[in-house]
Amino acid sequence: MSVAAATPTGNRTPGGITPAAAALGLPSALYCDSQTFTGAGTDSCTVTLTASSSTAQVVTLSSDNSAATLPASVTIPANATSASFTVNVAAVSSNQTATITATADGISKPYTLRLTASVTTTTPALTLSAK
């Protein structure tokens, strides 16, 4: 005896099993060009998925430090496994960390960026006077 069921598109599948929707990849890595950042500027970061999907996938981004700002999300194109984004870093007056997190489908990958305060030194002026 053979059992068959109709899928929403009317296709029949053996055993009544409906083909699953295209699986989305999960975040597998998040990395930035810099581990330590001194002063203000930008850094390039990349989020990578475990697998590509036939549809584009949106990955939510966040930072726990207002000195490191980034877009709210990045879209990984269909049939791709990674996408890059820019982090804008403001100068800090004391050494800090900023944890950047990429989240998709309930899975998060963090990356810690060390923000180092710029050290400026001044050389005291020497004034000579004749007597």
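Strands are DSSP runs of E of at least two residues, numbered from the N terminus. In this predicted model, Thr101 has its place in strand 10. Thr101 is buried, with a relative accessible area of 17%, because buried means under 20% relative accessible area. Not counting residues up to four places away in sequence, Thr101 touches Leu30, Thr60, Leu61, Ser62, Ser108, Lys109 and Pro110.

**Overall architecture and confidence**

The chain contains eleven strands and zero helices, and its pattern along the sequence is accordingly β-β-β-β-β-β-β-β-β-β-β. Of the 131 residues in the chain, 29% are buried. Among contacts between residues at least 6 apart in sequence, 53% join residues at least 24 apart. The accessible surface of the chain is about 8,200 Å², and carbon and sulfur atoms account for 53% of that area.

The average pLDDT of the chain is 84, and 75% of the residues score at least 70. Confidence is lowest in strand 1 (residues 4-6), with a mean of 46, and highest in strand 7, at 98. Over residues 1-22 the pLDDT is below 50; this stretch has 22 contacts in the model beyond near neighbours in sequence.

**Sheet organisation**

Strands of a sheet pair through backbone hydrogen bonds, either parallel or antiparallel. Here, four strands form an open sheet in the order 3-5-9-7, with antiparallel pairing. Strand 3 and strand 7 (68-69) are the edge strands, each pairing on one side only. A further antiparallel pairing joins strand 6 to strand 8. Two of the strand pairs are set out below.

| Strand pair | Sense | Bridges | Residues standing opposite |
|---|---|---|---|
| Strand 3 and strand 5 | antiparallel | five | Pro27 and Leu49 |
| Strand 6 and strand 8 | antiparallel | four | Thr60 and Ser73 |

Strand 8 (residues 73-76) shows alternating side chains: Val74 and Ile76 point to one face and are buried, whereas Ser73 and Thr75 point to the other and are not. Ser73, the residue opposite Thr60, thus belongs to the face of strand 8 that is not buried.

**The disulfide**

A search of the whole structure finds one disulfide. Cys32 and Cys45 form this bond, with their sulfur atoms 2.0 Å apart. The torsion about the S-S bond is about 100°, so the disulfide is right-handed. Cys32 lies in strand 3 (residues 27-32) and Cys45 in strand 5 (residues 41-49), so the pair ties together parts that are 13 residues apart in sequence. Strand 3 and strand 5 are also joined by five bridges. Both cysteines count as buried: Cys32 has a relative accessibility of 7%, and Cys45 has a relative accessibility of 0%.

**The nonpolar core**

In soluble globular proteins, nonpolar side chains tend to be buried together. The largest nonpolar core in this model has 25 residues, and those with the most contacts inside it are Val59, Phe85, Val87, Ile100 and Leu115. The elements contributing two or more residues to this core are strand 3, strand 5, strand 6, strand 8, strand 9 (82-89), strand 10 (96-104) and strand 11 (107-116).

Ile100 touches Phe85 and Val87, and its other contacts include Leu30, Cys32, Leu70, Tyr111 and Leu113. Ser62, Ser63, Lys109 and Pro110 are also among the residues that Ile100 touches. Thr101 likewise touches Leu30, Ser62, Lys109 and Pro110.

Definitions and conventions. Residues numbered from 1 in each chain as written. Predicted model: local features only at pLDDT ≥ 70, side-chain atom pairs only at ≥ 80, totals over all residues. Heavy atoms only, no water. Disulfide = S-S within 2.5 Å. Buried < 20%, exposed > 50% of the residue type's maximum accessible area, 1.4 Å probe, protein only. Pairing = 2+ DSSP bridges. Core = buried A, V, L, I, M, F, W, Y, C linked by side-chain atoms within 4.5 Å. Contact = heavy atoms within 4.5 Å. pLDDT = per-residue confidence, 0-100. Areas by Shrake-Rupley, 256 points an atom, 1.4 Å probe, with all protein chains shown as cover.
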